[in-house]
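Here are a few notes to go with the model, set out as numbered points. I hope they are handy to have beside you as you look around.

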Amino acid sequence: MPLSLYIHVPFCEKKCQYCDFYSIASQEKLAGDYIQALIEQIGQIDALVSSIYIGGGTPSVLEVDLLGQLLKSLKRVIAPSVEFTIEVNPESFSKETAELFLVNGVNRLSIGLQSFNDKKLKKLGRIHSAKKAREAVYLAQKSGFKNISIDLIFGLWDEKLADWKKELQQAVILPVKHISVYSLSYEKGTALSKMLKKGLIKPLEDEAVAGMYEYAVDFLQGHGFKRYEVSNFARGGYICRHNYGYWQNEPYIGLGPSAVSYLEGVRKKNISDVKEYTARIKKGSSVVKSQEKLYSVQKAKETAALKIRTKEGINLEWFKEQTGFDFLRLEKDSVTGLREKELIDYEKKDGKIKRVSLTDKGFLFCDIVSSELL
């Protein structure tokens, strides 16, 4: 079974208004110590990985020398035909870093654009401009990257559908193979959630957000970007294999503070403190904050909850091979209720149900569907 590796780089120049991922302001000395800790951990991996994803935070905020050390240490665990992704932000991406990535095997770039509207970027707390965002994409292409992905956020409190349409029009003319679109969420502890609590902003109505999502689906698919998961669209042959592994509940290793690993049915979450994480690695202590063993029924239900998010849904034969369970029996009550609500549907062949997948309405309420299956 394929094995994936996620590495968390928890440093940023500035925390975004909406972000609830663990990150802190970049500190040169701490970053240097942290990279050495990661290199030590990478040296203990005794298997080849089929996909690597370096995320954050902002990996590109690291000094070039530190990035080089980290990337070089990964060469010993890279399997043939690996998908190797690194996240960058437009303001910290340069020709030098692009060349460094390519020389060290990185073959997929995920650029955190978020918007092509300067006012919207400011509201989100981003520190780059729309012009800089476009320049980053063209720099990546010119440097030699063929597999480029961009992220976009929609559904701000005062956003109009017409504004969102303009952004999508700008996205599809860029030389990118993959586009992720996320509706704005007000996660606990973020700057936006505090503004919401104080009554400074009011969330956009659900109907308006749904309209923006539905338009994005139609527009992106009409321009060659096929939806393969709720928020992800790709040109042919360019789905993100790393993330797809998550949705199939395949095993993965997570390195870094707040990162999660899932191996042999055991999920482990690391502590969310980079200083403590680094100190523990240096002392040879465990960095695991919590862990849980998923037994067969739990694992099967989790596989269902993840796989249903994909466009292809759950193939019943595949599910039985992966989990040992009959999906329709395991999720009998949930499936009946979800089908009555028109959130899922069956695909039949020769009178037999072969596949269960989300309806168009189901994609709008995918979190509800996943929760029901769990």
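1. Let's start with helix α6, residues 161-172, in what is a predicted model. Its twelve residues should span 16 Å at 1.5 Å a residue, and the end C-alpha atoms of α6 lie 17 Å apart, so the two agree.

2. Which residues of α6 are buried? They are W164, E167, L168, A171 and V172. These residues cover an arc of only 130° around the axis, so they sit on the same side of α6. As a reminder, residues three or four places apart point the same way because an α-helix has 3.6 residues a turn.

3. You may also like to see what lies over that side. The cover on the buried residues of α6 includes the strands β6 (108-114), β7 (148-154) and β8 (178-183), together with the helices α4 (118-124) and α8 (206-222).

4. Of these neighbours, α8 is worth a look alongside α6. The axes of the two helices are 10 Å apart and meet at an angle of about 25°, which means that α6 runs roughly parallel to α8. From α6, the contact uses L161, W164, K165, L168, Q169 and V172; from α8, it uses G211, M212, Y215, A216, F219 and L220. The crossing of α6 and α8 is right-handed.

5. Strand β7, part of the cover on α6, contains D151. Is D151 buried or exposed? Its relative accessible area is 15%, and buried means under 20%, so D151 counts as buried. Leaving aside residues up to four places away in sequence, D151 touches S110, I111, L113, Q114, S180 and Y182. Between the C-alpha atoms of D151 and G112 there are 5.3 Å, although 39 residues separate the two along the chain.

6. Now for helix α1, residues 28-42. Its 15 residues reach 21 Å from the first C-alpha to the last, close to the 21 Å expected at 1.5 Å a residue. Buried in α1 are L30, A31, G32, Y34, I35, A37, L38, Q41 and I42. Among the elements covering them are β1 (4-9), β2 (11-12), β3 (24-25) and β11 (252-255), along with the helices α2 (64-73) and α10 (274-283).

7. Finally, how do α1 and α2 pack? Their angle is about 5° and their axes are 9 Å apart, which means that α1 is roughly parallel to α2. On the α1 side, A31, G32, I35, Q36, L38, I39 and I42 make the contact, and on the α2 side L66, Q69, L70 and S73 do.

Note on methods:
Residues are numbered from 1 along each chain as its sequence is written. This is a predicted model: local features need pLDDT of at least 70, side-chain atom pairs count only at pLDDT 80 or more; totals for chains, interfaces and linings use all residues. Side-chain values use heavy atoms; hydrogens and water are left out. Helices (H or I, at least four residues) and strands (E, at least two) are DSSP runs, numbered from the N terminus. The expected span of a helix is 1.5 Å times one less than its number of residues. Buried means under 20% relative accessible area, exposed over 50%, partly exposed in between (1.4 Å probe, protein chains only). The arc is that of the directions from the helix axis to the C-beta atoms. Contact means heavy atoms within 4.5 Å. Axes are lines fitted to C-alpha atoms, for helices over the stretch in contact, and angles run from 0 to 180 degrees between N-to-C directions. Angles under 35 degrees count as roughly parallel, over 145 as roughly antiparallel, 65 to 115 as roughly perpendicular and the rest as oblique. A crossing is left-handed if the near helix is turned anticlockwise from the far one by less than a right angle, and right-handed if clockwise.
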